[in-house]
Amino acid sequence: MFSSADHAYMSQALQLAEKGLYGTSPNPRVGCVIVRDGRVVGSGWHERAGQPHAEINALNAAGTAARGATAYVTLEPCSHHGRTPPCAEALIKAGIAKVVTAMTDPNPLVAGGGCELLKQAGMEVQTGLMEAEARALNIGFVARHTRKRPWVRVKIAASLDGKTALSNGSSQWITGEAARRDGHRFRARSCAVLTGIGTILADDPQLTVRHVETSRQPLRVIVDSRLEIPVDARVLHGDGELVFTATASEEKIEALRDVGARSIVMPDKNDNIDLVGMMRTLADFEINEVMVEAGSKLNGALIHAGLVDELVIYLAPYLIGDVARGMLKLPELTDLAGKHALMIHDLRMVGPDIRVIARIP
């Protein structure tokens, strides 16, 4: 169905889309290549929400050469008015003759409508070229629109015997600088970084992207059931951080509001935070990917609740000992049949450390 040339042009479009890895949130990462008579006449990618989409940038680059050409787009062109006008209409107006897309847009506002609009205008439309690669690039965008919650990635730095800190809490630094920089790349691509009150009180982290050049910072989200967070915590020195809590303390909520943080009271039946509801709320806030950087208690609670999709674990070549702190606090098993199954997605060295990316089926 697709030629080697088709694959080459779509591969180029995917490479362009990846340039938007850190900046397009909450929009998808999209690339577009316009080809006429076997020659690329225009290309572009979506750089940031509110700015022109990939198709518009490619059409602007192609100019009049777009008429009669083929557009290779990594995602179905939009057909609705959002932050910008519909790209499908722009392709039609430019006189594009054929559109090849990697995948259908999972957004219910589009969901095939863009391709249908192109077909009604007399264009030839093909879908499904390098779909797996396109879906992987927008794994969180797809998750948010198909299951109403973000893609949740838990990052853990540990010794080879699975310990994240000494028993006294000391943890800086178990892994090397290369691993820390790599972790910031995952942080930069995330829409939100989530942590627990235990980490805030112990380390007072900033949770900002510092080792990667990025045009935006992820939203900081704090899980704090009893609203213990100090109003001068460094994580609150941003713009509209979210604090999920089970305690409706108007005085503390007002104090947090004064420093620009938003509190969301969301208790479960045990007066802990409703983690499932929290993730649904983050999806409502257009959060595609969540990076969890927390302690063993919150990490374990999220896994136990079935809310974790991916583990990114950096293992340093050290042994710390059994009294040190572990990676995950999970209920004790009495039968191995209850073990949590994982699929190893990627395994590589990052500096002197081992990086394991494992996904939960």
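Which residues are buried in H10? I began my notebook with this helix, keeping in mind that I am reading a predicted model.

**Entry 1, helix H10.** I looked up the residues of H10 one by one and found that Leu275, Gly277, Met278, Met279, Thr281, Leu282 and Ala283 are buried. The helix, which covers residues 275–284, is therefore mostly covered, since 7 of its 10 residues are buried, where buried stands for under 20% relative accessible area. I then turned to the two ends of the helix. At the start of H10, I found a side-chain oxygen of Asp274 that reaches to within 3.3 Å of the backbone nitrogen of Val276, and just after H10 I noted that Glu286 takes a positive phi of about 65 degrees.

**Entry 2, the nonpolar core.** I remembered that in soluble globular proteins nonpolar side chains tend to be buried together. I looked for the largest nonpolar core and found that it has 38 residues, and that those with the most contacts inside it are Met10, Ile34, Ala71, Leu91, Ile96 and Val99. Among the elements that give two or more residues to this core I wrote down helix H1 (4–18), strand S1 (31–36), helix H3 (87–94) and strand S4 (98–101). H1 gives the most to this core, with 5 residues.

**Entry 3, the cysteines.** How many disulfides does a search of the whole structure find? I noted that the search finds 0 disulfides. Cys32 is in no disulfide, and the nearest cysteine sulfur, that of Cys87, is 8.6 Å away. I also noted that Cys32 counts as buried, at 0% relative accessibility. Why is there no bond between Cys78 and Cys87? The closest cysteine sulfur to that of Cys78 is in Cys87, 3.7 Å away, which is too far for a bond because a disulfide needs the two sulfur atoms within 2.5 Å. Cys78, with a relative accessible area of 7%, is buried.

**Entry 4, the cavity.** Last, I looked for enclosed empty space, and the count came to 1 cavity of 30 Å³ or more. The largest cavity has a volume of about 70 Å³. Of the 18 residues that line the largest cavity, I recorded Thr24, Asn27, Arg29, Asn288 and Glu289 as the closest to its centre. I sorted the residues of the lining by kind, and they divide into 7 nonpolar, 7 polar and 4 charged. Helix H6 (residues 139–147) gives the most to the lining of the largest cavity, with 3 residues, and I had already met H6 among the elements that give two or more residues to the largest nonpolar core.

Note on methods
Residues numbered from 1 in each chain as written. Predicted model: local features only at pLDDT ≥ 70, side-chain atom pairs only at ≥ 80, totals over all residues. Heavy atoms only, no water. Buried < 20%, exposed > 50% of the residue type's maximum accessible area, 1.4 Å probe, protein only. Helix = DSSP H or I, 4+ residues; strand = E, 2+ residues; numbered from the N terminus. Polar contact = N/O pair within 3.5 Å; in protein donor to acceptor, adjacent residues only side chain to side chain. 1 Å grid on protein atoms, 1.4 Å probe; cavity = no way out; pocket = protein on both sides within 12 Å on 5 of 7 lines; lining within 4 Å. Points joined across faces, edges and corners; volume = space filled by probe spheres on them. Nonpolar A, V, L, I, M, F, W, Y, C, P; charged D, E, K, R; others polar. Core = buried A, V, L, I, M, F, W, Y, C linked by side-chain atoms within 4.5 Å.
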